[in-house]
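The exercises below are meant to be worked with the sequence and the model open side by side. Try each task before reading its solution.

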Amino acid sequence: MSELARRPETGALIGTLSVFVFFAIFGGGQFLSAGGAASWLNVAAELGIIAIPVGLLMIAGELDLSVGSVLASSSMTVAIISGHWGAPVIVGIVAALALGLVVGFLNGLLVTRTNVPSFIVTLATLFGLSGLTLGLSRVVTGTTSVALKPGSPAKEVLGTLVGGKFEVAIFWWIAVVLAVGWLLHISPYGNWVFAVGGDKESARATGIPVQGVKIGLFMGSAFGAALVGVIQSILYNSAQVANGQSFVFNSIIAVVIGGVLLTGGYGSVVGIVLGTLTFAIVSQGIYYTGWNSDWAALILGVLILAAVLMNNTFRRMALSHAPRTKRKA
């Protein structure tokens, strides 16, 4: 029991169970129905695909605020190339994902070469890329919304509803969880991520390629946002330049609820998954209670504060007993 209390995802597990039970009681059968589960699982899937790589970046001691603009720009890229210009949808998808990788590389390069805080660099990218997407969309298409007919098999693989309710993005989320979970908690690369977030100078002194690790994580973060942009454009058969801005802070909120510290060096993939589920349950569960949805923001605010306080408590417990427990899954 004491070992469980010292794990980074323990606070997130308590939070997830608490909000689920709360909304199961006050939301009734509709919340527990297949449609109710789909409502928050669909939100969790799209948010989770972004939150997991953002969480890794935060464990390494950095932030990425540009994910909202990356999502919008990648969504518009696939819509313009394959919808407006009529190119094969695979060309639009590849271009959109490549755009995400390029933006992530530039973010990482600027942060590591200039030593400007990643908050500032990615905030600049957020606004710059948003303006570029808006301007180019108007120049190329004359509008800010572009229709897309993806066809098969892109629709089945990326943008369909299983059983008419559950987005196929849920399976992509599971794949990301498994891949990143292995990367962080089993592969040697995970040790590098924790080391860089704990003390980058010590990590550099031991031979860890700090710059390469950070650039790779920024690319992963942007790639996740680009993937969600592609999924959304194919799911809804269109793209808009205003898409994705809510993901900027929602992804950070989910990661913080999941037990990852803003200071870096501590966290787990399981915790991030639980934090994402907690956020999704709260954001959607309020609609099943019959209460005014305005209370959702209050609940999220209280939840964030409680999560930070609880996570700090569990972190102190972990470090006071065994410092290396932060490396555990």
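Helices here are DSSP runs of H or I with at least four residues, numbered from the N terminus. The model is a predicted one, and the values in the solutions are computed from it.

**Exercise 1. Locate S233 and decide whether S233 is buried or exposed.**

Step 1: S233 belongs to helix α11, which covers residues 210-236. Step 2: buried means under 20% relative accessible area; the relative accessibility of S233 is 0%, and S233 therefore counts as buried. Step 3: once neighbours within four places in sequence are set aside, the contacts of S233 are S75, V78, L148, S238 and A239.

**Exercise 2. Check the length of helix α6 against the expected span, and then find what covers its buried residues.**

Step 1: the expected span is 1.5 Å times one less than the number of residues. Step 2: helix α6 (residues 118-141) has 24 residues and should therefore span 34 Å, and the 33 Å between its end C-alpha atoms agrees with that. Step 3: the buried residues of α6 are S118, V121, T122, T125, L126, L129, T133, S137 and T141. Step 4: their cover includes the helices α4 (67-84), α5 (89-114), α11 and α12 (247-257), together with β1 (145-147). Step 5: just after the end of α6, G142 has a positive phi of about 80°.

**Exercise 3. Apply the span check to α4 and state how many of its residues are buried.**

Step 1: with 18 residues, α4 is expected to span 26 Å, and the distance from its first C-alpha to its last, 24 Å, is close to that value. Step 2: 16 of the 18 residues of α4 are buried, which leaves this helix mostly covered. Step 3: G86, just after α4, takes a positive phi of about 80°.

**Exercise 4. Describe the largest nonpolar core and say which helix gives the most to it.**

Step 1: this core has 79 residues, and the members that touch the most others are I50, I52, M58, I93 and W173. Step 2: the largest contribution, 14 residues, comes from helix α3 (residues 34-59). Step 3: another core, of six residues, lies apart from this one, and M76, A79, I80 and V146 are among its members. Step 4: taking M58 as an example, and leaving aside neighbours within four places in sequence, its contacts are L63, I252, V255, V256, V260, L261, L262 and G264.

**Exercise 5. Find the nonpolar patch on the surface and the elements that build it.**

Step 1: the patch is formed by F20, V21, F22, I25, F26, L32, W291, W295, L298 and V302, which together have about 980 Å² of accessible area. Step 2: the elements giving two or more residues to the patch are α2 (10-32) and α14 (295-321). Step 3: α2 supplies the largest share, six residues. Step 4: V21 lies in helix α2, and its relative accessible area of 45% makes V21 partly exposed.

**Exercise 6. Compare the two salt bridges in the structure by position and by burial.**

Step 1: K214 pairs with E62, with the closest N and O atoms 2.5 Å apart. Step 2: this pair joins distant parts of the chain, since K214 is in helix α11 and E62 is in the loop between α3 and α4, 152 residues apart. Step 3: K214 and E62 are both buried. Step 4: R204 pairs with E201, and there the closest N and O atoms are 3.1 Å apart. Step 5: R204 and E201 are both in helix α10 (residues 200-205), three residues apart, about one turn of the helix. Step 6: R204 is partly exposed at 42% relative accessible area, and E201 is partly exposed at 48% relative accessibility.

**Exercise 7. Explore the surroundings of L65.**

Step 1: L65 sits in the loop between α3 and α4, and at 1% relative accessibility L65 counts as buried. Step 2: L65 and F249 are separated by 184 residues in sequence, yet their C-alpha atoms are 7.5 Å apart in space. Step 3: apart from residues up to four places away in sequence, L65 touches F119, T122, L123, L126, V248, F249 and I252.

Conventions. Residues numbered from 1 in each chain as written. Predicted model: local features only at pLDDT ≥ 70, side-chain atom pairs only at ≥ 80, totals over all residues. Heavy atoms only, no water. Buried < 20%, exposed > 50% of the residue type's maximum accessible area, 1.4 Å probe, protein only. Contact = heavy atoms within 4.5 Å. Patch = residues over 30% accessible without salt bridge, like charges linked within 9 Å, V, L, I, M, F, W, Y side chains within 5 Å. Areas by Shrake-Rupley, 256 points an atom, 1.4 Å probe, with all protein chains shown as cover. Salt bridge = Lys/Arg side-chain N within 4 Å of Asp/Glu carboxyl O. Core = buried A, V, L, I, M, F, W, Y, C linked by side-chain atoms within 4.5 Å.
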